[in-house]
Every structure is written in C-alpha cells, then in structure tokens.
Amino acid sequence: MACMRRTSFLQRAFAMLAGTNVIPGWMREPGGTVPAYGSPSSFESAVARSPADARNIALSPLAAQRGIITASGLCFVRCHAGIPAIDPSQHRLLIHGLVKSPLVLTMGDLARLPAVARIHFLECSGNTGSEWRGPAAETVQQSHGLASCCEWTGVRLRDLLELVGVSPSARWFLAEGADAAAFDRSIPIAKAYDDALLAYGQNGEMLRPEQGYPLRLIVPGYEGSANVKWLRRIKLLAQPVYSREETARYTDLMPNGSARAFTLIMEAKSVIVSPSGGQHVSSGRNQVVGFAWSGRGKIAHVDVSLDGGSSWRRAALDTPVLPKAFSRFTVAFDWNGQDMALLSRATDETGYVQPTLAQLVRVRGVNSGYHNNAIHGWRVSTTGAVSRL
Ligand SMILES: Nc1nc2c(c(=O)[nH]1)N[C@H]1C(S)=C(S)[C@@H](COP(=O)(O)O)O[C@H]1N2
Ligand SMILES: [Mo]
C-alpha cells in the first residue's frame, strides 16, 4: 500500500518536472549579474529592523536570524545622537591620562597592529525593559530585539596600553565617542587587560556606520552602552567619571531607594525565537529554536518547558558554544492542536541560572529599568497561533 502511494507520488513528481508549463521563469533564461556589494534576496523584504528609519533605536528581527551571527545589516542599533558619517582618514584615537607617553593613532596605525577576531553578543541593558511588570511585547523583536551577535576584528586594548605605558595609579579608563553626543562610559581597567578590543571589523567587513565605523570599543559580556562606538578617546583614570550617562542613565533604582551603578556584566539570558509571537505552528513535527547568552562565559545548558514550567527538558546546544556569544538551542516537539506554554531557562558555566521574573522582582523591584534577564515564554493556542505567555 505504502509502495503504491510512493510510486504514484513519484509519477506525479516526474510529470510535474517534465511538463514545460511548470518550468519556472528563472529556469528559462540565464539569471542576473553579480552586484559589486551584495544585498539580501528581494523575497526577504519582510525581514527588517524596526522601527524603520529611526535615528536612535532599532530592534533586530531575531526570529529571522539563521545562526549565531546577526547579519551586519540587521544588528540592533542604539544611538544617542544619530549616526555620524566619519571619514576614516580624518579619524584619530587619542590615548592619554595616567600614561607615560600619550598617543594619537590613525586608522592606518591601528591596521598595522596585530589583530584578533572574536564572536561576541552585544545587548543593551534596556533590552526587555518594558516587561518588568509582566508581558508587554507581542513579538520577540519587540521584547528581545536589543541584542545581536557578531564577529568583531580589532586590536587588543592591552596591546595599546603596553605602547603608552600605564601609570600604576590607573584603575579605570574612560572611552569616548566621536558622535554629537560625545557619548562616554567609564570601565574598570581589569577589563582592558582581560578581553577588551578596539574593533574595526564586523562579520568580515569593516564596521557598519551604525555600529561605530570606523572604530569601536568591544567589552565582551558588558552592557551594550559600555561598547562605545565611533571611539576617539581613551583616558586612563584613578576614578570613574560620573558623567551624565553614568548617573542619569546607567544606574538601576532599587526598592529601598538606593541605586546600583556600574552593573556592567550582562547575566545569563535566553529566549525562544521560534515559535514566537505572531507566528503559527503547523501540525506534526516542529522545532523550538532559541538563543542563549551570558556575559560571564559559555552557556552550560538550556532547559525548555512545553507546559509552563511543570516539566523541563534539556535542549540540544548547536556548536560552536563560545564564551560571551549567542548559543543556539533546539528542542523537537509534536503539535497536534494542544495548548502549549513554552519557556526557556539558561544556565551558564559559572552555574548561574536564569531567574524567573518573580525572583528578579523580589530582589530588584520593578523600577530598575535595566538588566531584565527573566525567563520568558510564548503560548501556542489550539489554533496554532503564537502569542505572549
Ligand atoms: N558613541 C556612542 N557609543 C555608543 C552609543 C552611543 O549613542 N554613542 N550607544 C551605546 C548603547 S546604549 C548601546 S546599547 C550600544 C549599541 O550598539 P549597536 O548600536 O552597535 O548595537 O552602543 C553603545 N555605544
Ligand atoms: Mo544601550
């Protein structure tokens, strides 16, 4: 019986391929020429950052991301004064402050120094910030779209610090951008000696203008804002500078009225991107797909629940699993019209477990704004429609 059905399927398939009226247009004549610098297929026009043409914020369409690397043109963008158009031949990097010999470097000088390429996520500490009081966003782009993951190529900051000779009294460094905001952050010097990079490359090409062309700081695992774009100055300091950015923006208000400052490390977090809000599940075999990341190192494992947290199963982690980078996880499931509540929970190599929103709120209250890394989920209804859990 099965054999009969298979034969008739093959007969139909051959008839379809042989029939001249079903040969598609793109097989009838040679295709187009090769663009000098390529763009996505025109059939992918629905894949877009949102909102379009914003000056200061744009969310990455995480549900359309096909691996751990975010396409350069789809990375989230956060700018405090728009995107400057910097001529790299005019750009200079000044390293000064508590150093023996201050230095001004051109992009050419930087290009001649040894470089490394590293894959790291970036996440704005405001990501998922609208969900402190519970579900608010309908799609994963809205709830988690202030995160992306790229390969960054550049010079180790510690190599440059060796060139200038750091004074023993230096404990911090200030990084400042060449945008109209002259955006700056203060960072502990230990990060410079650990894994900070001055990056000019992104996913194999030069940085995109919106990601900091021609030079940005990459402080792996630290909140997005510490990764200063359009980098023009590094100043070695004994104390951090409490600039407007530090005091007005990047502190977390606690329930007792105190504020946490320099909460730089992004704790482990995960999110399911498929199925996710706005999508539809079809009958039969399906895959849960998601991303997990930790600012403290590698993801150790991700657990997924299909029943709102009553039971958990270990997700498969796709390789490579890299420190301070997106890791991709999957779990297969069969859908036969049942209502489902999907959750994901990441654990990193330090043993830190992604908390529930209730656990987070118990410690931090609901006014901290930043650093919401709570467990998040989606509901699959009996129609297959996916919405926020
Ligand atoms: N010079 C400068 N650097 C900046 C910013 C800025 O406005 N100006 N925004 C910061 C913030 S808040 C974030 S979250 C990240 C965003 O990096 P991306 O736009 O490359 O995703 O850049 C940081 N670096
Ligand atoms: Mo940010």
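A cavity is here a set of grid points, laid over the protein atoms alone, where a 1.4 Å probe fits but cannot get out. In this predicted model, the largest cavity is the space taken by ligand 1, and that makes the ligand a convenient place to begin.

Ligand 1 has 20 residues around it, of which F76, H80, D179, R216 and K229 come nearest. Three of these nearest residues can be followed down to individual atom pairs, each involving an oxygen atom of the ligand. For K229, an N or O atom of the side chain is 2.5 Å from a ligand oxygen. The side chain of R216 likewise places an N or O atom 2.7 Å from an oxygen atom of ligand 1. With F76 the backbone takes part instead: one of its N or O atoms lies 2.6 Å from a ligand oxygen. Taken alone, ligand 1 exposes 530 Å², and the protein buries 100% of that area.

Turning to the sheets, strands generally pair through backbone hydrogen bonds, in either the parallel or the antiparallel sense. One open sheet is built from five strands in the order β4-β3-β12-β7-β8, and its pairing is mixed. Because β4 (103–106) and β8 (184–188) each have a single partner strand, they stand at the edges, with one side of each left without a neighbour in the sheet. On average, neighbouring strands of this sheet are turned by 15° against each other, direction ignored.

Strand β3 illustrates the mixed character of this sheet nicely. Towards β12 (residues 231–237), β3 (residues 92–97) pairs in the parallel sense over four bridges. Here L94 stands opposite R233 of β12, while G97 has L236 of β12 as its bridge partner. Towards β4, by contrast, β3 pairs in the antiparallel sense, again over four bridges, and R92 stands opposite T106 of β4. A hairpin links β3 to β4 through five residues.

A further open sheet contains four strands, ordered β15-β16-β20-β19, with antiparallel pairing. Its edges are held by β15 (269–274) and β19 (316–317); each has a single partner strand, so one side of each lacks a neighbour in the sheet. The partner relationship at the β19 edge can be described in detail: two bridges join β19 to β20 (residues 327–335), and the two strands run antiparallel. Within this pairing, A316 has T330 of β20 as its bridge partner.

Conventions:
Residues numbered from 1 in each chain as written. Chains lettered and ligands numbered in written order. Predicted model: local features only at pLDDT ≥ 70, side-chain atom pairs only at ≥ 80, totals over all residues. Heavy atoms only, no water. Pairing = 2+ DSSP bridges. Axes fitted to C-alpha atoms, helices over the stretch in contact; angles between N-to-C directions. Near = heavy atom within 4 Å. Polar contact = N/O pair within 3.5 Å; in protein donor to acceptor, adjacent residues only side chain to side chain. Areas by Shrake-Rupley, 256 points an atom, 1.4 Å probe, with all protein chains shown as cover. 1 Å grid on protein atoms, 1.4 Å probe; cavity = no way out; pocket = protein on both sides within 12 Å on 5 of 7 lines; lining within 4 Å. Sits in = over half its atoms within 2 Å of the grid points.
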